[in-house]
Amino acid sequence: MSGRPVSGVRRCINASVAGVGTSVRCVAKIATHFLEHVVAIVVGVALFVVGLGLSVTIVFIPAGLAAMLVGVALVVGGLFAHATAGP
């Protein structure tokens with residue numbers, strides 16, 4: 001081994017020869033990871049739209065800006081964030 005961490009997909013491909021149960025768990029893990037990102041992006045877009053709607057009125061500009069910033073952060077996090085598993 002080269003000492004580099006092995007990605008989840010490669011680990012699942014390597015483990016698929018071990019048995020069907022292992023590969024099913026790996027596929028479920030990858031699907032769950034993908035769905036977490038999709039949910040974060042959808043919630044972020046929804047918060048951005050709600051913040052945009054709140055910002056239309058003068059009274060709710062601070063709440064709207066806060067909601068939009070949180071929405072943008074969730075979308076960016078959903079697109080680019082990568083959590084690595086511990087040892």
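Let me start with one residue: Ser55 is buried, with a relative accessible area of 18%. That counts as buried because the cut-off is under 20%. Keep in mind that this is a predicted model.

Where does Ser55 sit? Ser55 is part of helix α2. And which residues does Ser55 touch, once its neighbours within four places in sequence are left aside? The contacts of Ser55 are then Phe60, Ile61, Gly64, Leu65 and Met68. Helix α3 covers 61-80, and α2 covers 20-55.

Now the chain as a whole. There are 3 helices and 0 strands, and the order from the N terminus is α-α-α. The chain has 87 residues, and 15% of them are buried; Ser55 is a buried residue. On contacts, take those in the chain with a separation of 6 or more: 43% of them are between residues 24 or more positions apart.

Next, the surface. The chain has about 6,600 Å² of accessible surface, and carbon and sulfur atoms hold 77% of that. On this surface there is a nonpolar patch, made up of Val45, Phe48, Val49, Leu52, Val72, Val76, Leu79 and Phe80. Together these residues have about 750 Å² of accessible area. Which helices supply the patch with at least two residues each? Those are α2 and α3.

One patch member to look at is Val72, which lies in helix α3. Is Val72 buried or partly exposed? With a relative accessible area of 38%, Val72 is partly exposed. That label follows because 38% falls between the cut-offs of 20% and 50%.

Conventions
Residues numbered from 1 in each chain as written. Predicted model: local features only at pLDDT ≥ 70, side-chain atom pairs only at ≥ 80, totals over all residues. Heavy atoms only, no water. Helix = DSSP H or I, 4+ residues; strand = E, 2+ residues; numbered from the N terminus. Buried < 20%, exposed > 50% of the residue type's maximum accessible area, 1.4 Å probe, protein only. Contact = heavy atoms within 4.5 Å. Areas by Shrake-Rupley, 256 points an atom, 1.4 Å probe, with all protein chains shown as cover. Patch = residues over 30% accessible without salt bridge, like charges linked within 9 Å, V, L, I, M, F, W, Y side chains within 5 Å. Salt bridge = Lys/Arg side-chain N within 4 Å of Asp/Glu carboxyl O.
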